[in-house]
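I sat down with this model today and kept notes as I went. Here they are, in the order I looked things up.

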Amino acid sequence: MKHTVSVILAVLLLLTVVGVAPDSTAAGLGEVGPEGTVTGLDRRAGTCYSYYTDGGSERPYMPLAYEAGSRWDRFDFVWPRFEPKEGKWSGETVKAYDAVVGDLKAAGFSLVGILLWTPDWAATSGASTLSVPETGGRPPGWYAPAPGAVDSLGPMSTARAASSPPKGLYQPWDDWTSEDGDPANTWGRFVYRLVEQYSDRVKHWEMWNEPEWEYFWTGTSSDYARLLKVGYQATKAACSDCQVLFGGLHYWAKPNYYKWVLNALKDDPQGAANNYFFDVMSVHLYSRSANTYDVVNEIRSEMKARVSDHPIWLTETGVPLWGDSGVPIYKPKYDYAATPEEAAAYVIQSYANAWAAGVERYLFFRTHDADMPDLSAEYFGLIRNNRSLRPAYAAYKVATTYLVSPSEVTSWSYSSGARRVTLWGTPWGKVSVVWNTTPNGMTFEYPAIEPMARLVDPRGGEQLIEPKDGVYRLSLPGATANLEGTADYYIGGDPYVIVEADGGVPEVRTVHVEVGGVYGDADGDGERGEGEEFLTNVSFRLVDMKGRDIATGVGASWTFAGDVRVGGYRVVIAPKGWPSLPPGWLPRHLPVWVGLGEETLTIRHEEVGLPPHRTSGFFPIMARNG
């Protein structure tokens with residue numbers, strides 16, 4: 001019987017990065033997340049009011065919003081401005097809106113138009129407004145329930161005509177003429193005319209804004225249900241492929257309000273046949289990043305219990321700022337506000353949580369500060385009015401670059417206080433967002449499915465990380481945004497995005513690898529000494545971390561030049577006749593890390609020594625074949 005002995009030698013390269021904590025320097029004008037305009041996105045993200053001009057004809061914020069990945073803009077179509085007198089449309093207003101709509105469409109934005117405010121002549125109650133009212137400040141309970149509040153903010157000011165139900169609302173939507181010749185359903189007529197005029201450019205119409213809050217709407221929930229129904233009927237008649245959005249929920253003003261409206265729509269005999277008179281549920285949530293998961297899921301559950309499930313859009317979200325020295329009013333810390341760096345964390349956390357809750361669109365409030373100081377003395381913008389970029393701008397860009405087009409989304413809240421949201425099947429592969437919801441820093445272990453991953457911080461800084469024992473270990477900083485004097489932290493610490501290219505779109509870089517010569521390192525000291533000669537007829541292999549060949553060669557030296565994807569590799573150098581029994585030389589494995597970059601990556605080894613092959617130096621695994 002013939003016996004063949006095979007020696008199998010496994011060389012394992014353990015690559016470790018423990019306690020990764022990227023630089024937390026805030027982004028500035030030259031540090032704004034992933035380079036260039038965000039491309040390859042899913043058109044999920046948008047901003048509000050990006051169309052503002054510089055006082056002339058230029059719209060400087062619009063291209064900055066587009067570069068960050070925004071593809072939607074949302075703004076008011078103000079009824080009193082279009083129809084300041086009954087039946088008389090303002091040509092000047094139409095011209096101004098035509099310019100805004102045309103510029104946004106030409107720049108690549110889709111639009112959400114908010115149909116809002118009752119003109120004095122159509123009002124059924126309230127003092128004359130003469131112009132659209134201004135807020136003048138946020139009341140208690142704007143961002144979350146105020147202590148002791150009973151399901152309502154209450155009015156911010158004296159009821160105005162602009163927030164009253166319009167006359168004729170309970171007439172048929174298309175009954176525009178009463179017995180004396182006057183228009184009956186003034187709202188139905190306005191919606192039909194406006195939607196028809198913009199039907200080729202604006203496909204999404206939101207029926208009013210935050211109707212729970214008496215500042216915007218002084219009618220009952222039944223009155224709002226009627227307003228929504230009439231608006232839906234008029235919109236569909238004017239533009240059959242247009243979509244109707246429920247008026248963006250303030251939510252905290254009256255958390256049960258939307259349920260009352262849904263009950264009314266459910267009981268309408270025509271409701272089921274007409275999608276219950278809305279196509280999209282619109283929600284506004286601020287400051288607490290967990291709400292974009294918790295509250296959205298609650299709203300979806302309550303909606304499904306009353307009417308059919310509808311897509312949910314987050315048409316306003318954000319957090320007011322304090323401690324930003326780059327604005328005219330430097331505000332000290334106050335509850336539900338954030339530093340510019342905490343606001344950046346909010347963007348990525350809320351964006352990830354919104355994915356986990358199935359939110360279809362995410363619109364940040366707002367693009368820049370614009371007139372916010374006059375309205376509320378609060379700042380929300382991704383961009384300052386002087387066009388400098390806040391850290392939240394870079395974070396928004398990170399979100400729109402990496403958190404795109406998943407086939408499935410999972411999430412988990414750990415007992416340690418860590419939070420993870422994972423997007424599977426994205427163009428990048430598997431993408432996870434992790435952060436710490438507690439004030440105490442922690443080490444977070446995350447199972448690896450690839451031998452290397454890209455780690456992205458909220459400012460767009462990137463590095464490659466490698467697992468140890470099958471897990472990535474990350475140092476997650478603690479949360480800092482809390483309610484004054486409490487352990488209630490409404491924004492977690494800096495989140496990190498982990499990108500594992502499991503079949504995703506690879507990033508390619510040109511590399512040049514050169515090995516000048518190979519010698520037998522008899523004494524194993526890593527240096528070629530007297531009598532240690534160069535070898536000839538050596539085999540060379542460039543392999544990926546799964547052992548797949550990228551390039552091979554045979555000779556006394558070797559050079560490789562070509563394009564490879566970002567990731568980890570090894571140059572495997574084996575002596576002639578390997579595998580073989582001792583004595584002789586063992587193979588050598590040289591790690592190669594191909595990181596991000598545009599220039600050619602050059603790796604040169606002048607001399608490489610192969611370790612001696614002795615029976616005492618390894619444990620052979622032998623297989624007998626007969």
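These entries go from the whole chain to single residues.

**Entry 1: the whole chain**

I reminded myself at the start that this is a predicted model. I looked up the secondary structure and found ten helices and 30 strands. The chain has 626 residues, and 55% of them are buried. I then checked how contacts spread along the sequence: of those between residues at least 6 apart, 72% link residues at least 24 apart.

**Entry 2: helix H6**

Which residues of H6 are buried? I found Tyr257, Tyr258, Lys259, Val261, Leu262 and Leu265 in this helix, which spans residues 257-267. I noted with interest that a lysine, Lys259, is on the buried list. Next I asked what these buried residues pack against. Their partners are helix H5 (221-238), strand E8 (281-286) and helix H7 (291-306). As a reminder to myself, residues three or four places apart in an α-helix point the same way, because a turn takes 3.6 residues.

**Entry 3: strand E21 and its partners**

I looked at the two faces of E21, residues 508-515. Arg509, Val511, Val513 and Val515 make up the covered face, while Val508, Thr510, His512 and Glu514 make up the uncovered one. I then asked which strands pair with E21. Strand E25 (residues 558-565) is antiparallel to E21, with eight bridges between them, and Val515 has Trp558 of E25 as its bridge partner. Strand E28 (residues 601-605) runs parallel to E21 and is joined to it by five bridges; there, His512 sits opposite Thr602.

I also picked out Val564, which is in E25. Val564 counts as buried because its relative accessible area is 7%, below the 20% cut-off. Its C-alpha is 7.1 Å from that of Val511, although 53 residues separate the two in sequence.

**Entry 4: strand E4**

Six of the seven residues of E4 (residues 72-78) are buried, so I wrote this strand down as mostly covered. E4 pairs with strand E3 (residues 45-48) in the parallel sense, over two bridges. Cys48 has Arg74 in E4 as its bridge partner.

**Entry 5: the loop between E10 and H9**

Where does His368 sit? I found it in the loop between strand E10 (361-364) and helix H9 (372-375). His368 is buried, at 2% relative accessible area. I went through its polar partners: a side-chain polar atom of His368 is 3.3 Å from the backbone nitrogen of Ala370, and the side chains of His368 and Asn385 share a polar contact of 3.3 Å. Beyond four places in sequence, His368 touches Tyr49, Tyr52, Tyr61, Gly381, Ile383 and Asn385.

Arg366 is in this loop too. The peptide bond from Phe365 to Arg366 is cis, with omega near 5°.

**Entry 6: a cavity**

How many cavities of 30 Å³ or more does the structure hold? I counted four. I opened the second largest, which has about 40 Å³ of space. Its lining is Val319, Leu321, Pro340, Ala343, Phe364, Phe380, Gly381, Arg390 and Ala392. By class, that makes seven nonpolar, one polar and one charged.

**Entry 7: Glu532**

Is Glu532 buried or exposed? With a relative accessible area of 7%, Glu532 is buried. The loop that holds it lies between strand E22 (518-520) and strand E23 (538-544). Its side chain reaches two backbone nitrogens, that of Gly529 at 2.7 Å and that of Ala522 at 3.0 Å. The C-alpha atoms of Glu532 and Ala522 are 6.7 Å apart, with the residues ten apart along the chain. Contacts of Glu532 outside its sequence neighbours within four places include Tyr519, Asp521 and Glu527.

**Entry 8: backbone oddities**

Most residues other than glycine have a negative phi, and most peptide bonds are trans. I listed the exceptions I came across. Tyr251 has a positive phi, near 70°, and lies in the loop between strand E7 (243-245) and H6; Tyr251 is buried at 5%. Asp469 has a positive phi of about 55° and is in the loop between strand E16 (462-465) and strand E17 (471-476). Asp469 is exposed, at 61% relative accessibility. Finally, Trp578 and Pro579 are joined by a cis peptide bond, omega about 5°, and Pro579 is in the loop between strand E26 (567-574) and strand E27 (588-594).

Notes:
Residues numbered from 1 in each chain as written. Predicted model: local features only at pLDDT ≥ 70, side-chain atom pairs only at ≥ 80, totals over all residues. Heavy atoms only, no water. Buried < 20%, exposed > 50% of the residue type's maximum accessible area, 1.4 Å probe, protein only. Helix = DSSP H or I, 4+ residues; strand = E, 2+ residues; numbered from the N terminus. Contact = heavy atoms within 4.5 Å. 1 Å grid on protein atoms, 1.4 Å probe; cavity = no way out; pocket = protein on both sides within 12 Å on 5 of 7 lines; lining within 4 Å. Points joined across faces, edges and corners; volume = space filled by probe spheres on them. Nonpolar A, V, L, I, M, F, W, Y, C, P; charged D, E, K, R; others polar. Pairing = 2+ DSSP bridges. Polar contact = N/O pair within 3.5 Å; in protein donor to acceptor, adjacent residues only side chain to side chain.
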